[in-house]
Amino acid sequence: MAVYTDVSDGALRAFLSLYDIGELTAYRGIAEGVENSNFVLRTTDGDFILTLYERRVNPADLPWFLGLMGALADHGLSCPRPVAGRDGDALRSLAGRPAAITTFLPGVWPRDVRVEHCAPVGAALAALHVAGRDYTAERANGLGPAAWAPLLDSCRADADSVSPGLGAELDAALAAILPAWPGADALPRGQIHADLFPDNVFFLEGRVSGLIDFYFACTDFLAYDIAICLNAWCFEEDGAFVPERARALIAGYETVRPLSPAERRAMKVLAAGAAMRFLLTRLYDWLNTPPGAMVTRKDPLDYLRRLRFHRAAEDASVYGV
Ligand SMILES: Nc1ncnc2c1ncn2[C@@H]1O[C@H](COP(=O)(O)OP(=O)(O)O)[C@@H](O)[C@H]1O
Ligand SMILES: N[C@@H](CCOP(=O)(O)O)C(=O)O
């Protein structure tokens with residue numbers, strides 16, 4: 001569950017008096033998510049999401065995230081649009097945390113991913129990449145390749161308690177991935193979501209109805225975002241790769257934005273890097289989440305299986321690129 005910070009009725013009502021979004025009729029904390037505290041607000045004007053930013057979100061990045069969401073929404077992408085108060089500000093403070101209200105998106109994220117979900121997700125990802133073109137402010141990827149060795153170092157002492165030999169295996173994988181990583185200008189770059197997992201994509205009647213959770217978004221290789229989705233959408237629970245899902249995801253993406261030959265060639269190392277990135281943050285959280293914390297830890301070893309798959313793949317043709 002993810003409500004780290006409680007908000008009293010009085011504090012919330014005082015906060016909402018700064019906005020023109022109607023009278024509060026109900027609110028509740030949302031159990032899902034791991035990073036921030038989220039609440040659904042029902043007002044006489046409709047539903048909204050209130051987010052209190054916690055943990056990994058650097059408050060200095062919040063204007064960039066909110067600006068990106070506003071710019072994407074302006075370009076027709078269905079994503080949460082930050083709601084400004086009467087003073088024009090969308091970002092303020094509540095219960096001692098940075099806080100913002102955004103629009104509520106209808107839909108349900110798929111608990112059981114099927115191949116039919118993958119083409120619409122690919123197309124939605126490409127639409128995000130196209131919609132982000134005019135948002136020129138850059139944000140470096142704080143969880144990109146330069147962060148992986150330090151993250152592994154911070155977990156090294158206990159890594160083998162999660163799985164024997166894990167530390168050495170990750171060292172070997174990093175030693176193969178980092179030198180093969182594309183140079184900064186080698187692939188098209190732009191604004192990427194960087195966490196487009198199934199729980200961040202809402203569907204209604206078989207169509208994508210909204211993309212949420214832009215708090216890992218950054219400026220990086222567009223194809224790296226595809227590689228993240230290949231990891232998140234194209235494996236079974238037991239770790240088996242599902243080639244039909246990957247082909248559908250790539251085909252859906254290319255209905256909106258065709259890939260270049262360099263992006264196709266790079267997909268294997270990008271997929272391995274994406275698996276490494278989620279493995280490492282999950283490993284860090286696995287080892288550092290205090291007992292009794294109100295959050296469900298995600299299994300790092302799911303991503304070890306994916307990493308092994310990508311490293312063993314002959315080339316990028318396995319993904320259908
Ligand atoms: N704009 C939104 N519209 C509707 N529901 C939302 C919206 N934003 C978040 N939610 C709900 O909150 C949950 C957690 O949101 P998320 O952004 O993934 O949290 P976290 O950043 O903590 O991981 C989502 O699964 C969804 O149920
Ligand atoms: N998608 C990441 C964790 C981030 O979770 P989210 O709730 O912010 O989407 C993972 O699966 O490791």
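Analyst: A crossing is right-handed if the near helix is turned clockwise from the far one by less than a right angle, and left-handed if anticlockwise. This is a predicted model: local features need pLDDT of at least 70 and side-chain atom pairs 80 or more, while totals for chains, interfaces and linings use all residues. Residues are numbered from 1 along each chain as written, chains are lettered from A and ligands numbered from 1 in written order, and side-chain values use heavy atoms, without hydrogens or water.

User: Why is the passing of α6 and α7 called right-handed?

Analyst: α6 passes α7 in a right-handed crossing, so the turn from far helix to near helix is clockwise. α6 covers residues 222–233. The two helices pack at about 150°, with axes 10 Å apart. Axes are lines fitted to C-alpha atoms over the stretch in contact, and angles run from 0 to 180 degrees between N-to-C directions.

User: What makes the contact of α6 with α7?

Analyst: From α6 come Leu222, Ile226, Cys229, Leu230 and Trp233. From α7 come Arg245, Ala246, Leu249, Ile250 and Tyr253. They count as contacts because heavy atoms lie within 4.5 Å. By class, nine are nonpolar, none polar and one charged. Arg245 is the charged one, because Asp, Glu, Lys and Arg form that class.

User: How do α3 and α7 meet, and at what angle?

Analyst: α3 (residues 115–131) and α7 (residues 243–254) have axes that come within 7 Å and cross at roughly 35°. This crossing too is right-handed. The residues in contact divide into ten nonpolar, three polar and two charged. Gly122 of α3 and Gly252 of α7 take part; both count as polar because Gly is placed in that class.

User: How do you know which residues are around ligand 2?

Analyst: A residue is near if one of its heavy atoms lies within 4 Å. Those around ligand 2 include Asp195, Asp213 and Arg282.

User: Why is the pair of aspartate 195 and ligand 2 called a polar contact?

Analyst: A nitrogen atom of ligand 2 is 2.7 Å from an N or O atom in the aspartate 195 side chain. The cut-off for a pair of N or O atoms is 3.5 Å, so the pair qualifies. Oxygen atoms of ligand 2 lie 2.8 Å from a polar side-chain atom of aspartate 213 and 2.7 Å from one of arginine 282.

User: Which residues come nearest to ligand 1?

Analyst: Of 17 residues around ligand 1, Glu32, Glu35, Asn36, Thr103 and Leu105 come nearest. A polar backbone atom of glutamate 35 is 2.9 Å from a ligand 1 oxygen. Threonine 103 also uses a polar backbone atom, 3.0 Å from a nitrogen of ligand 1.

Technical notes
Helix = DSSP H or I, 4+ residues; strand = E, 2+ residues; numbered from the N terminus. Polar contact = N/O pair within 3.5 Å; in protein donor to acceptor, adjacent residues only side chain to side chain.
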